[in-house]
Amino acid sequence: MYGQLLILGIKGTELSSNEKHYLSRIQPGGFVLFGRNVESPQQVRALTDSLREICDVPPIIAIDQEGGRVTRTKEIGNTPPSAEQFRIAGKPESLAWHGIQTGQILSMLGINMNLAPVLDISYDPDADNALRGRCYGRDAQEVINNAGVYNRNLRRMKTLTCGKHFPSCGLADVDPHIKLPTSNKTKDELLATDLIPYTALSPEMNGILTAHTHFSELDPETPGLPASLSYNVVTRLLREQLGYNGLVMTDDLDMGAIINTYGRGTDVQMAIKAGNDMALICHQTDTAEKALEALNQLSIYDVQASLKRVRKVKKKLPKFSVFDQKRWDKVDEEIMELRIEVLGEEAARGDQSDSIANSRSPVEDY
């Protein structure tokens with residue numbers, strides 16, 4: 001039962017016999033796919049079908065399919081423009097098209113949740129904090145306008161959505177994949193800026209993902225505590241003050257911001273006690289059983305609300321469309337048309353990697 005509080009990564013392009021064994025025993029609430037799991041459209045669909053087969057309860061199958069450098073399907077199809085490129089183009093109809101196309105390809109791949117949209121404000125477009133190119137706006141209203149269009153059209157395709165990274169990664173001074181960022185912004189300052197997209201859009205999303213950033217003004221008595229593991233941030237701010245009662249999940253607990261300080265087991269316990277409903281273990285998948293052992297030590301009172309929210313979200317899991325190569329090819333061609341509309345012919349047909357020079361973030365390589 002407590003396995004429903006975990007979302008786990010998979011090592012390769014198909015399940016190994018060992019993975020089938022321990023995943024069947026853990027019965028996780030969901031899975032998250034990365035580039036390492038993608039070889040062809042048919043292979044991805046076979047993988048997601050196999051993940052559903054081993055689960056007694058239908059799983060969330062998630063992916064980061066933002067566009068730009070965070071496009072996990074870039075090896076098997078055209079890459080949509082990034083959030084920043086859409087922002088510059090200023091064409092809401094293009095963003096709507098992006099949401100529809102993304103929902104179509106995810107459905108064909110058997111994926112039911114997109115860990116998007118990014119709701120962070122881009123304060124410094126050149127900051128090396130993993131967000132370059134991934135933000136929909138330079139202020140709260142611009143984020144709401146652009147991310148809202150993308151989110152609503154993803155949901156038109158029955159794809160579940162998850163806003164990130166609460167309360168903000170836009171303020172990060174370093175990349176949380178490597179070490180823990182710190183922000184000194186006060187709660188009032190957050191409420192007047194970074195939290196506005198969440199208050200506006202959270203009713204339209206299926207989940208919120210919490211950030212690995214320490215907010216010194218929110219947790220003054222616990223220096224270095226990440227927001228993702230903070231009761232003050234997840235329960236008191238997000239749930240009690242902002243009134244959000246939907247699904248909350250952590251960002252990947254295998255990031256340097258967490259594993260440099262917390263051991264496996266302690267991290268998942270802290271995550272659930274803070275008010276998260278699901279903990280993501282994306283890369284160190286061999287530790288999943290240790291994570292479950294730690295969760296099993298929690299009382300039913302610690303987890304019953306989370307289990308209820310997980311069940312509620314799973315009632316909305318969509319049915320998947322049948323994979324059809326001709327339809328896949330058609331949508332892939334439409335993504336190229338979208339690139340041309342947003343970027344112009346020459347840029348659209350050029351390098352699609354959208355990699356950023358001197359970027360040290362692993363986010364685009366996962």
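Me: What share of the 366 residues of the protein counts as buried?

Reply: 61% count as buried. Buried means under 20% relative accessible area, exposed over 50%, and partly exposed in between (1.4 Å probe, protein chains only). This is a predicted model: local features need pLDDT of at least 70, side-chain atom pairs count only at pLDDT 80 or more, and totals for chains, interfaces and linings use all residues. Residues are numbered from 1 along each chain as its sequence is written, and side-chain values use heavy atoms, with hydrogens and water left out.

Me: How many helices and strands are there in the protein?

Reply: 14 helices and twelve strands. Both are DSSP runs, numbered from the N terminus: helices are H or I with at least four residues, strands are E with at least two.

Me: Why is the protein called as compact as a globular protein of that length?

Reply: Its radius of gyration is 19 Å, and the globule rule gives 21 Å for 366 residues. The two values are close, so the description holds. The radius is taken over C-alpha atoms, and the rule is 2.2 Å times the number of residues to the power 0.38.

Me: What makes Arg25 and Glu289 a salt bridge?

Reply: The term asks for a side-chain nitrogen of Lys or Arg within 4 Å of a carboxyl oxygen of Asp or Glu. Here the N to O distance is 1.9 Å, so the pair qualifies. Arg25 sits in helix 1 (residues 17-26) and Glu289 in helix 11 (residues 288-296), 264 residues apart. By this rule the count comes to 19 salt bridges.

Me: Why is Arg25 called partly exposed?

Reply: Its relative accessible area is 46%, so Arg25 falls between the buried and exposed cut-offs. Glu289, at 30%, is partly exposed too.

Me: How do you know that Lys164 and Asp64 meet in a salt bridge, and are they buried or exposed?

Reply: Their side chains come to 2.8 Å, N to O. Lys164 lies in strand 7 (residues 160-166) and Asp64 in the loop between strand 3 (60-63) and strand 4 (65-67), so the pair ties together parts 100 residues apart in sequence. Lys164 has a relative accessible area of 2% and is buried. Asp64, at 10%, also counts as buried.

Me: Which residues join Asp64 and Lys164 in one network?

Reply: Glu66, Arg72 and Arg134 do, through salt bridges that share partners.

Me: Why does Lys316 count as partly exposed?

Reply: Its relative accessibility is 46%, so Lys316 is neither buried nor exposed. Lys316 lies in the loop between helix 12 and helix 13 (325-343).
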